[in-house]
Amino acid sequence: MRLLMISQDFPPDTGGIQTYSAAHAEHLASRCDWFGVVAPDSEGAHQLDPEFPYPVFRVPCRNELLLFPLLFRLPGLLAQFKVDTVFHAQWQTVGASVLARRRGWKGSIQCAAHLRELLFNPYEKIPVVNRLFVRYRRYLLRCVDHFYPVSSYTRDQLIEEGVDAERLTIVPIGTDPDRFFPGRSDVLRRKLGLAGRRVMITITRLVPRKGIDLVIRILPELLKDISDISYLIVGEGNDKDRLERLATQLGLQKSVHFVGRISHDKVRDYYQLADLFVMPSQTIEPDVEGAGIVFLEANACGLPVIGSDSGGIPSVIQDGETGFIVPEGDPDTLKQRIRELITQPDLSAKMGKNGRLYVLNTGNWAFRSGELFTQMQAVSGNWT
């Protein structure tokens, strides 16, 4: 298979889809007869690209505008490298492959599906434009030969958009167990003033749908019988000021710690200093959790995890095995599950170990890319 991946979000930019695209690119490249990536240009890209074992074709444009220059550039790339399959990381660039097919290209069009890109509509408040946008999106979704949703929730959203179930194969997300693994960050614990304390952690963008405020609100009750518990919040976002005010109003300045943004190479150290990862996300469309790589990263580091039943989160947490799934917006159940894991170290250790095993066995990018490649090859074979 001669495969070209097109992604609006790719390193050196960071984020969930960037991680997804780069991880699959790494493993697909070694399986294909030829492999390349098309991505927007960004600061630091030209220093990074020579490190990849495949060519990266950079397009000087903003991420969300990649489609437009691609309409002109893609046919030449497909012909030059005899590409038989194009894999889009998001549906928004599919139009370029559709146009190439109309001009005579005979390969297959395949596409990932995360979630937010299927719910987001920038024109929903403009009735006429909104209807045109919905029609345009549904037309492009019909043109894709096969989709790879990351969860059953995302699959169901595609079906609602009119995609036949026969054109859908769920390929869950993964993580890298060689990068995220169990360990102790005692030095970092002491540096942060957390020595001797039991630590819950959330590592994410600070936006309302992450449910961080719910954890802060139940903390006073937890502190009544678990006086040495601390909550570490790692990340930046537009909800940070509100969350800091809430913690202050509840008198939690000594128990809630806002770390801010950390470098990518420090993330593992923060997982390793914690006893429990928690992120009870909420559904605030179009912002819905497609899956949640952070749960797998925490599991890979040997942490038990707690997430809500929002969006695709249940696809990455084995409820009762690698952690707990709690009902969305349910503070009582969340409080109960946190208390169980914080006060029962044997249960916590067992779930953390199960989480690590899950990542080693199937919840890793090498395994998931193998699933993806097998299905993509089968679909591609129907076109070549």
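Let's start with Gln272, which sits in helix 11 (residues 267–273); helices here are DSSP runs of H or I with at least four residues, strands are runs of E with at least two, and both are numbered from the N terminus. Gln272 has a relative accessibility of 12%, so it counts as buried (buried means under 20% relative accessible area, exposed over 50%, partly exposed in between, with a 1.4 Å probe and protein chains only). Setting aside neighbours within four places in sequence, Gln272 is in contact with Phe181, Pro182, Gly183, Arg184 and Ser185, where contact means heavy atoms within 4.5 Å.

A quick word on the model: it is predicted, so local features need pLDDT of at least 70 and side-chain atom pairs count only at pLDDT 80 or more, while totals for chains, interfaces and linings use all residues. Residues are numbered from 1 along each chain as its sequence is written, and side-chain values use heavy atoms, with hydrogens and water left out.

Now for the sheets. One open sheet has six strands in the order 3-2-1-4-5-6, with parallel pairing; two strands pair if DSSP finds at least two bridges between them. Its edge strands are strand 3 (56–59) and strand 6 (146–149), each of which pairs on one side only. From one strand to the next, the twist averages 20 degrees. Within this sheet, strand 4 (residues 85–88) and strand 5 (residues 108–113) run parallel and are joined by four bridges. Phe87 stands opposite Gln110 in strand 5. Helix 4 (residues 94–102) packs on the sheet and touches strand 4 and strand 5, its direction making about 170 degrees with that of strand 5. For such angles, axes are lines fitted to C-alpha atoms, for helices over the stretch in contact, and the values run from 0 to 180 degrees between N-to-C directions. Helix 7 (residues 152–160) lies across strand 5 and strand 6, and runs at about 140 degrees to strand 6.

There is another open sheet of six strands, with the order 9-8-7-10-11-12 and parallel pairing. Here the edges are strand 9 (256–260) and strand 12 (323–326), each pairing on one side only. The twist averages 20 degrees from one strand to the next. Strand 11 (residues 305–308) runs parallel to strand 12, with four bridges joining them. Ile306 has Phe324 as its bridge partner in strand 12.

Across this sheet goes helix 13 (residues 331–343), which lies over strand 7 (198–203), strand 8 (229–234), strand 10 (276–279), strand 11 and strand 12, at about 170 degrees to strand 12. Arg337 belongs to helix 13. With 24% relative accessibility, Arg337 counts as partly exposed. Not counting residues up to four places away in sequence, Arg337 touches Ile306, Phe324 and Val326. Its side chain also makes a polar contact with the side chain of Glu340 (2.9 Å); a polar contact is a pair of N or O atoms within 3.5 Å, and within protein one must be able to donate a hydrogen and the other to accept it, with residues adjacent in sequence counting only if both atoms are side-chain atoms. The C-alpha atoms of Arg337 and Arg58 are separated by 46 Å, and these residues are 279 residues apart along the chain.

Last stop: helix 12 (residues 293–300) and helix 14 (residues 345–361), whose axes come within 7 Å and cross at roughly 110 degrees. Leu296, Asn299 and Ala300 in helix 12 meet Gly352, Gly355, Arg356, Tyr358 and Val359 in helix 14.
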